Amino acid sequence: MMISVAEAFTHLEALIPCMEHETVPLRAAHGRVLAADVTAQRAQPPFDGSAMDGYAMRSADARPGATAKVIGESQAGSRFAGRVGAGEAVRIFTGAPVPEGTDRIVLQEDVDRDGDQITLRDSLDQGPHIRRKGIDFDIGSILTAPRVITPRLIGLLGAMNVAHVTVARRPVIGLIATGDELVMPGETPGPDQIVSSNSLALAALIEAAGAVPRILPIARDTRDSTIAALKLAQDCDMVVTIGGASVGDHDLVASSGKEIGLTLDFYKIAMRPGKPLMAGRLNNTPMLGLPGNPVSAMICAELFLIPLIHASLGLPFAPRDRQTAKLGAALPANGPREHYMRARLTGTTVSPMSNQDSSLLSILSEANALIVRPPHDPAQPAGAPVQIIGL
Ligand SMILES: Nc1nc2c(c(=O)[nH]1)N[C@H]1C(S)=C(S)[C@@H](COP(=O)(O)OP(=O)(O)OC[C@H]3O[C@@H](n4cnc5c(N)ncnc54)[C@H](O)[C@@H]3O)O[C@H]1N2
Ligand code: MOO
């Protein structure tokens with residue numbers, strides 16, 4: 001019995017690998033998921049600072065035509081130590097601490113200087129061009145987990161002087177391709193063989209999602225070879241098989257796996273492509289069995305494996321985001337399976353690719369979106385709204 005895509009997603013929640021935490025230097029934290037809240041070790045800026053190059057004065061003195069005596073200099077990294085009184089100014093540069101007694105920076109463009117005397121021009125602006133202490137963040141402010149550590153976040157954490165962060169360990173995903181027809185990428189295929197391109201594509205997808213792929217030896221179409229490969233995967237955080245999922249005489253993943261402790265939560269979903277998807281546990285290790293067709297494998301990985309990886313890292317377990325777009329061409333009625341059609345999104349219009357066969361990698365690589373069609377969706381005219389998932 002086929003279950004729906006939504007039901008499959010619900011089943012998968014119980015299979016999310018549970019990752020422990022580790023501490024890494026901030027420099028190595030890009031792309032990781034923050035696992036514990038972080039406290040700012042300092043305020044930013046740590047003092048009232050100038051936002052411009054100019055002169056620090058009392059705002060009461062900053063009038064067109066006024067004059068002031070320059071009594072010192074404040075530069076970034078080295079402040080003016082004294083106090084500034086009425087009729088006085090301090091030469092100041094962007095990022096420098098604002099001297100005591102001043103509350104306003106006058107731009108150097110608005111000043112004529114003669115020795116240690118300045119005269120303010122008529123073009124004076126409102127100012128004050130001062131960045132108050134802690135305006136960006138205060139000492140002790142909390143950055144909450146979980147969140148993905150982006151380059152922008154690394155900048156923020158660096159400014160907080162947080163040198164190490166606690167992150168979820170990256171799950172190791174064992175990848176097992178199955179089939180006598182496959183050779184490892186880079187080897188020379190025989191006349192009836194093909195390259196296991198799925199292994200490479202899935203490894204890249206897994207890496208991009210924040211996990212560590214481990215490409216295991218190809219399982220040949222025998223019980224012994226399939227069992228041997230599955231056993232190699234048992235110390236991974238999750239095992240992903242490719243192919244051998246359907247009903248053919250040589251589709252051995254489920255039958256061989258069961259001999260060594262594989263229990264399936266589901267097998268077959270009402271989805272196109274991806275019907276023979278299966279999921280369960282190989283003893284304690286979560287297992288996802290992808291169909292072998294290259295497009296089916298990639299789309300199932302996009303829809304199910306990426307959310308599983310994200311959730312294992314501590315992010316919410318959620319289906320891929322969907323948007324609405326306008327159909328660029330009419331579509332016939334859909335069959336009983338939820339159809340994920342390879343498509344090209346241009347602006348707000350999405351057009352299905354001409355051939356939806358689940359073996360076509362060239363079409364998959366040209367696509368930048370999937371149109372999601374519900375089971376039994378009636379025919380749709382061009383211009384109708386449809387749901388899409390970005391690729
Ligand atoms: N009688 C039926 N036949 C099939 C059904 C069905 O319901 N009844 N379902 C079809 C559907 S839908 C799919 S999807 C495929 C999936 O089958 P498997 O998961 O068992 O995949 P394989 O048979 O092993 O391979 C299918 C196809 O993909 C190529 N392949 C496999 N692994 C790789 C790899 N690592 N890299 C690149 N290409 C790979 C393989 O050579 C085959 O061409 O079953 C249909 N059949
Ligand atoms: O469901 Mo299969 O994945 O279409 O080719």
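This report covers the overall fold, the two ligand shells and one loop residue of a predicted model.

**Overall form**

The protein chain contains 7 helices and 28 strands. Its C-alpha atoms fill a box of roughly 95 × 50 × 40 Å along the principal axes. The radius of gyration is 31 Å, whereas a compact globule of 391 residues would have a value near 21 Å. Of the 391 residues, 38% count as buried. Among contacts with a sequence separation of 6 or more, 68% join residues 24 or more positions apart.

**Annotated region**

In UniProt, an unreviewed entry lists residues 174-311 as "domain: MoaB/Mog". Over residues 174-311 the chain is 34% helix and 26% strand. The C-alpha atoms at the two ends of this stretch are 17 Å apart.

**Ligand shells**

The shell around ligand 1 holds 27 residues, of which Asn198, Gly243, Ala245, Ser246 and Gly292 come nearest. Two elements give two or more residues to this shell, namely helix H3 (197-208) and helix H6 (294-312). H3 gives the most, with 3 residues.

Around ligand 2 the residues are Arg272, Pro273, Gly274, Lys275, Pro291, Asn293, Ser296 and Ser358. The table sets out the make-up of each shell by residue class.

| Shell | Nonpolar | Polar | Charged |
|---|---|---|---|
| Ligand 1 | 10 residues | 14 residues | 3 residues |
| Ligand 2 | 2 residues | 4 residues | 2 residues |

In the ligand 2 shell, the charged residues are counted as 2, and the list of residues around that ligand includes Arg272 and Lys275.

**Glu181**

Glu181 lies in the loop between strand S15 (172-177) and strand S16 (182-183). Is this residue buried, exposed or partly exposed? Glu181 counts as partly exposed because 18 C-beta neighbours lie inside 10 Å, and a residue is called buried if 20 or more other C-beta atoms lie within 10 Å of its own, or exposed if 12 or fewer do.

Which residues does Glu181 touch, leaving aside those up to four places away in sequence? The contacts are Asp192, Gln193 and Ile194. For Ile194, the C-alpha to C-alpha distance to Glu181 is 6.0 Å, although the two residues are 13 residues apart in sequence.

Methods. Residues are numbered from 1 along each chain as its sequence is written. Chains are lettered from A and ligands numbered from 1 in the order in which they are written. This is a predicted model: local features need pLDDT of at least 70, side-chain atom pairs count only at pLDDT 80 or more; totals for chains, interfaces and linings use all residues. Helices (H or I, at least four residues) and strands (E, at least two) are DSSP runs, numbered from the N terminus. Two residues are in contact if their C-beta atoms, placed from the backbone, lie within 7 Å. The radius of gyration is taken over C-alpha atoms; the globule rule is 2.2 Å times the number of residues to the power 0.38. A residue is near a molecule or strand if its C-beta atom, placed from the backbone, lies within 6 Å of it. Ala, Val, Leu, Ile, Met, Phe, Trp, Tyr, Cys and Pro count as nonpolar, Asp, Glu, Lys and Arg as charged, and the others, Gly among them, as polar. UniProt positions are given in the numbering used here, feature names are shortened, and annotations may be inferred rather than shown by experiment.
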